[in-house]
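Subject: Structure for you to look at

Dear colleague,

I am passing on the structure we talked about, and I would be glad if you could look through it alongside the notes in this email. Please read the notes with the coordinates open.

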Amino acid sequence: LLEVELGDVDGDGVAGLAAIEAPVHDPARYVTLWRWHGWGFSLVWRSMPGDYRDLIILPAADGQPARLSVAVAP
């Protein structure tokens with residue numbers, strides 16, 4: 001894991017985990033979302049491979065859900 005953020009990204013009132021991962025033996029990075037299930041985390045979503053950095057969870061505002069923000073190198 002290169003970067004980790006906690007926040008309620010699906011509006012269920014429970015903080016989830018967002019991460020930028022760089023698996024061993026894989027040059028790509030992935031953005032992933034995980035849900036806490038009481039004993040550990042379960043993978044909810046994984047992005048396509050890319051050169052991701054600067055992960056931020058933007059808080060919910062004006063009736064809109066929280067959003068992920070991540071930079072992608074050109």
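What follows is a short account of the sheet, then of one of its strands, and then of two residues.

Please keep in mind throughout that this is a predicted model.

The sheet is the natural place to begin. Four strands make up an open sheet, arranged in the order β1-β2-β3-β4, and the pairing within this sheet is antiparallel. At its edges lie β1 and β4, the latter covering residues 41–46, and each of these two pairs on one side only. From one strand to the next, the twist averages 25°.

Taking the pairings in turn, strand β1, which spans residues 3–7, is joined to β2 by five bridges, and the two run antiparallel; within β2, the residue that stands opposite E3 is I20. Five bridges also link β2 to strand β3, residues 30–36, again in an antiparallel arrangement, and here A18 has L33 of β3 as its bridge partner. Between β3 and β4 there are likewise five bridges, with the strands running antiparallel, and W34 finds its bridge partner in L43 of β4. As a general point, the strands of a sheet pair through backbone hydrogen bonds, and they may do so in either a parallel or an antiparallel manner.

Strand β2 may deserve a separate look. This strand, made up of residues 16–21, is mostly covered, with six of its six residues buried. On one side of β2 point G16, A18 and I20, while L17, A19 and E21 point the other way, and the residues of both sets, the glutamate E21 included, are buried.

Two residues remain to be mentioned. The first of these is W36, which belongs to strand β3. Is W36 buried, exposed or partly exposed? Its relative accessible area is 42%, and because partly exposed covers the range between under 20% for buried and over 50% for exposed, W36 counts as partly exposed. Although W36 and G16 are 20 residues apart in sequence, their C-alpha atoms lie 6.3 Å apart in space.

The other residue is R67, which sits in strand β6, residues 67–72. If neighbours within four places in sequence are set aside, R67 is in contact with I56, I57 and L58. R67 and D8 are 59 residues apart along the chain, and a distance of 9.1 Å separates their C-alpha atoms.

With kind regards

Note on methods:
Residues are numbered from 1 along each chain as its sequence is written. This is a predicted model: local features need pLDDT of at least 70, side-chain atom pairs count only at pLDDT 80 or more; totals for chains, interfaces and linings use all residues. Side-chain values use heavy atoms; hydrogens and water are left out. Buried means under 20% relative accessible area, exposed over 50%, partly exposed in between (1.4 Å probe, protein chains only). Two strands pair if DSSP finds at least two bridges between them. Contact means heavy atoms within 4.5 Å. Axes are lines fitted to C-alpha atoms, for helices over the stretch in contact, and angles run from 0 to 180 degrees between N-to-C directions.
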